[in-house]
Amino acid sequence: MPVLGTKLHVPAPRRELVARARLVDRLRTGAGSMPRLLLVAAPAGFGKTTLLSQWLGAPGSDEPLRVAWLSLDPGDRDLRRFLTHLLAAVRVADPEAGADARALLGTDGPPPTEDVLVSLVNDLDALGGPTVLALDDYHLIDEPAVHDAVAFLLDNLPPQVTVAMTTRADPPLPLSRLRARGQLHEVRAADLRFTEDEAAAFLNDVMGLRLAPEHVAALEARTEGWVAGLQLAALSARGRAADAATGIGDFVEAFSGSHRFVLDYLLEEVLDSQPDDVRAFLLDTCVLDQLSGPSCDALTGRNDGQQALDALERANLFVVPLDDQRQWYRYHQLFADALRSRSSAHDPGRFRLLHRRAAGWYAEQGLLADAIPHAIAGDDDEQAADLVELLLPELTRHREDRALRDLVRAVPQGVARRRPLLATALAWTRLSEGDLDGVEPWLDAAESALTAVGPALAMTPSVPLAATRARDEEVRALPAMIAVYRASVAQARGDVAGTVAHARRALETAGPDDHLSRGAAAGYLGLAAWAAGDLPTALDTFGQAVRSLEAAGKVTDALGATVVLATMWLAQGRPDTARRLYEEALAAAENHPGPPLSTTGDLHVGLADMLREMADLDGAEAHLLAAKDLGERASLLENRHRWHIAMSGVLRARGDLDGAAEMLDAAEPLFLPGYFPDVRPVPAARARVRIAQGRLPDAWRWAERRGVSLAGAASFLTEFDHLTLARLHVAERRAGGDRAALEDVVGLLDRVAAAAEPSGRTGSLVEAGLVRALVHHARGDVGAALLDLGTALRLGVPAGYRRLFLDEGAPMTELLVAAMAGADGAVAGLASGLLRATERPSQTGRPPTPDRSTDQRTADDGLSDRELEVLRLLATELTGPEIARRLFVSVNTLRTHTKHIYTKLDVNTRRGAVRRAAEAGLL
């Protein structure tokens with residue numbers, strides 16, 4: 001990714017500048033103790049960048065500073081681009097620093113943020129002497145991922161490194177914590193305002209005016225020390241300085257009003273007082289964010305761009321040099337905004353033409369991302385579309401999804417409809433947001449456009465040839481990918497036949513070497529077989545998809561397919577096989593050279609869920625914590641709901657039903673249809689938790705909204721709902737209700753089992769059998785219940801099922817105890833083993849207690865294991881929200897636990913609870 005070198009240099013100071021010794025001394029004092037963050041925050045036009053550059057270039061007794069400067073622009077909101085530019089800035093400060101981090105960032109997929117930052121921090125730690133990472137105009141950043149990266153730096157930088165930033169608004173960083181620790185040094189608007197002495201030096205010495213002290217004081221008061229306002233006032237007053245004192249006096253008296261109106265008034269006078277050629281140059285070049293002689297010449301059609309910029313600087317006409325050689329400049333932002341407003345109003349046609357010329361110039365330099373906004377602003381829809389198409393392969397390769405969505409949507413829809421690549425990209429944006437109805441119209445448009453233009457596009461002139469070739473390769477693969485997207489939509493809608501038809505068309509259309517399209521098509525055939533409940537076919541076909549992904553070199557996607565394969569094996573009734581697959585894939589992912597793959601976190605989550613099922617709750621939590629530490633960069637978008645579902649299962653096993661429900665609430669909006677069959681709907685999983693909580697009305701409302709009934713036809717896609725409904729009827733009977741005869745429930749379960757058996761879905765047979773045992777138990781027929789339970793135990797427990805039985809609570813415990821006393825020794829042994837699983841130590845490290853489950857009270861203290869865990873954390877310095885995050889519960893759930901602890905210990909405060917616990921030896 002090319003980087004403009006001017007972004008990486010401390011702006012060169014003006015030849016004449018007001019020395020702000022009072023502020024530079026303050027900053028030098030702050031740098032002496034190297035605060036974590038030096039924050040220069042004020043509105044536009046207060047001289048933030050100038051002050052920071054003065055400090056960094058000021059001589060002093062302190063050890064010289066090593067400076068990594070980065071001038072931010074809106075494009076740096078993208079995380080990969082921000083990291084690329086930050087590392088480039090560090091390289092300017094020290095050519096050896098950040099080399100490994102740059103190599104990590106060069107890999108495909110989401111940027112490995114934490115690994116990049118850890119490598120950078122280690123390199124900075126190895127440097128001797130103080131170092132400053134200067135981030136100019138940080139207010140342009142609005143992407144949480146970038147803020148998270150900067151927060152990570154602030155938490156981990158070595159003591160000799162400071163982050164210095166200028167910004168118009170306080171950034172969403174841990175300022176309060178840094179302030180409380182004395183690690184934040186702040187300069188605000190009140191500090192930056194010119195004093196009367198500084199205003200006099202600026203107006204009279206720098207700007208060449210000879211104002212009387214009273215006139216300086218009046219202007220300083222009326223501008224409130226606003227540097228930009230004083231500069232505008234000085235430019236306007238220059239023509240009056242030679243007049244009588246009354247002329248200046250009248251001007252000062254008339255200088256009033258809001259900054260915006262003052263700016264408009266003064267700009268008119270400034271522009272009107274310039275020679276025609278200067279005024280034309282200003283209006284022609286104002287569309288550029290950064291100016292050089294060649295870029296200005298490209299817009300003006302002249303050949304004196306460099307000389308004109310030098311003259312503007314000498315005249316203090318709102319140009320800021322960006323490098324020591326004075327080859328690059330920028331206009332003061334307010335001045336540029338005003339010039340653009342004047343230029344667009346005075347000659348809209350020429351204003352658009354200037355943007356088009358700017359787009360062409362940037363494209364010739366290979367800076368496509370910088371060219372596109374100018375093409376859009378120039379209303380050159382075709383040029384913008386060309387440039388977006390050329391940039392799409394790079395954005396796709398690096399998974400820059402936000403930038404891709406923004407750029408594609410910036411192209412007018414009428415233009416995009418005529419371009420197959422853009423139309424397909426717009427279909428993807430709808431799919432990525434779950435807007436299934438919006439996908440197919442764009443796919444139709446893509447196919448129509450592809451028929452009209454053919455698979456080959458004309459080479460776009462004046463752009464790198466590699467970009468054109470990459471675009472054309474994307475276009476050639478479109479017919480197969482369009483069919484893949486159609487298969488995705490059909491799959492999301494539960495249309496198994498449609499999924500199969502579109503996936504087969506994709507296979508027929510894809511070329512023999514188009515392994516990515518072939519792998520995607522085979523994958524959807526496997527998903528269709530899965531949705532139909534034909535797991536042997538699903539496993540075989542999806543295995544073919546994995547081999548195609550491997551042939552395409554998509555190691556990350558091939559390993560990520562383990563999530564699907566393992567889920568299929570679980571439905572086959574083999575959690576032990578699913579666990580082995582996860583362990584093998586995770587080992588391969590962790591041994592893969594370079595940064596963590598983008599599916600490593602998903603593998604941790606999948607393995608955690610298998611460990612939870614096998615009653616290894618501590619192991620499950622360890623893997624969930626590992627996934628959380630890796631962050632979203634180690635998880636595919638379509639898998640991010642799985643972490644919350646897995647954690648919900650762990651919390652339920654721990655007895656925290658409220659926390660389990662909250663996790664499912666968080667999972668639901670993250671589920672994206674179109675990627676996997678929804679065979680375990682989150683609302684049904686939440687209904688199961690509500691049943692366990694005794695909140696049966698909530699569960700009945702789910703059944704009514706879902707339209708699930710005992711008379712429904714059994715299929716794999718409805719199976720999870722039907723098994724949930726069966727549990728609800730059992731709970732209703734135990735609560736004294738009689739919503740329906742339990743005979744009808746048995747009939748439903750029989751249909752579920754009958755549908756599952758021919759396809760070898762042993763997992764479905766195990767669950768249907770254990771629920772049928774609960775039905776018989778609720779009816780008082782213990783003998784029939786034990787027969788069904790025995791079958792379920794023999795099928796399920798040897799393969800690894802544990803929590804499937806144990807999560808059913810007290811009724812299942814009663815049945816397991818009865819089974820232990822039965823005549824069938826094998827079943828008795830399986831039942832005994834399940835009951836022993838409830839006696840294992842919890843994550844608190846307490847020894848096993850033979851005759852109680854982990855969520856029951858202890859005999860000596862009256863506190864549950866979960867409450868003891870909360871109590872021990874209350875004895876630390878963690879805040880309430882931090883404890884809640886540590887326990888993966890909401891603050892409200894934590895408050896409930898705390899209230900129970902206070903009641904049992906007969907105290908009213910946290911301190912009292914800790915003191916009482918210490919006295920009782922509970923800590």
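## Working through a predicted fold

D379 is found in the loop between α19 (368-377) and α20 (381-397). Helices here are DSSP runs of H or I with at least four residues, strands are runs of E with at least two, and both are numbered from the N terminus. We're looking at a predicted model, where local features need pLDDT of at least 70 and side-chain atom pairs count only at pLDDT 80 or more, while totals for chains, interfaces and linings use all residues. Residues are numbered from 1 along each chain as its sequence is written, and side-chain values use heavy atoms, leaving out hydrogens and water.

**Exercise 1.** Compare the backbone and the cover of D379 with those of A615.

*Solution.*
- Start with D379: its phi is positive, about 55°, although the residue is not a glycine.
- Next, its cover: D379 has 45% relative accessibility, so it counts as partly exposed. The cut-offs are under 20% relative accessible area for buried, over 50% for exposed, and partly exposed in between (1.4 Å probe, protein chains only).
- Now move to A615, which sits in the loop between α33 (600-613) and α34 (617-630). This residue isn't a glycine either, yet its phi is positive at about 75°.
- At 10% relative accessibility, though, A615 counts as buried.

**Exercise 2.** Take stock of the whole chain: how many helices and strands are there, and what share of the residues is buried?

*Solution.*
- The secondary structure adds up to 49 helices and eight strands.
- The chain has 923 residues, and 56% of them count as buried.
- For the surface, the accessible total is about 38100 Å², with 51% of that belonging to carbon and sulfur atoms. These areas come from the Shrake-Rupley method with a 1.4 Å probe, and for residues only the protein chains shown count as cover.
- Want a helix to go with the buried share? In α11 (residues 227-237), 11 of the 11 residues are buried. Among them are V227, Q231 and S236.

**Exercise 3.** Work out the strand order of the five-stranded sheet and find what packs on it.

*Solution.*
- Read across the open sheet: β2-β3-β4-β1-β5, with parallel pairing. Two strands pair if DSSP finds at least two bridges between them.
- The edges belong to β2 (66-71) and β5 (184-187), each pairing on one side only.
- From one strand to the next, the twist averages 15°.
- Zoom in on β3 (residues 131-136) and β4 (residues 161-167): five bridges join this parallel pair. One register mark is L135, whose bridge partner in β4 is M165.
- Finally, helix α2 (residues 48-57) packs on the sheet, touching β1 (37-41), β2, β3, β4 and β5, and its direction makes about 155° with that of β4. Touching, or contact, means heavy atoms within 4.5 Å; angles run from 0 to 180 degrees between N-to-C directions, with axes fitted to C-alpha atoms, for helices over the stretch in contact.

**Exercise 4.** Now trace the three-stranded sheet and pin down its register.

*Solution.*
- The order in this open sheet is β6-β8-β7, with antiparallel pairing.
- β6 (291-292) and β7 (319-321) each have a single partner strand, so one side of each lacks a neighbour in the sheet.
- Between β7 and β8 (residues 328-331) there are three bridges, and V320 pairs with R330.
- Two bridges join β6 to β8, with L291 partnered by Y329.
- β7 and β8 form a hairpin with six residues between them, and R326 in the turn has a positive phi of about 55°.

**Exercise 5.** Describe how α28 packs against α29.

*Solution.*
- The axes of α28 (residues 515-531) and α29 (residues 535-551) come within 7 Å and cross at roughly 165°.
- That angle makes the two helices roughly antiparallel; the label covers angles over 145 degrees, with under 35 roughly parallel, 65 to 115 roughly perpendicular and the rest oblique.
- The contact includes L516, A522 and W530 of α28, and T541, F542 and L549 of α29.

**Exercise 6.** Is R612 buried or exposed, and which residues does R612 touch?

*Solution.*
- R612 lies in helix α33.
- Its relative accessible area is 11%, so R612 is buried.
- Leaving aside residues up to four places away in sequence, R612 touches L617, A620, A646, G649, V650, R803 and D807.
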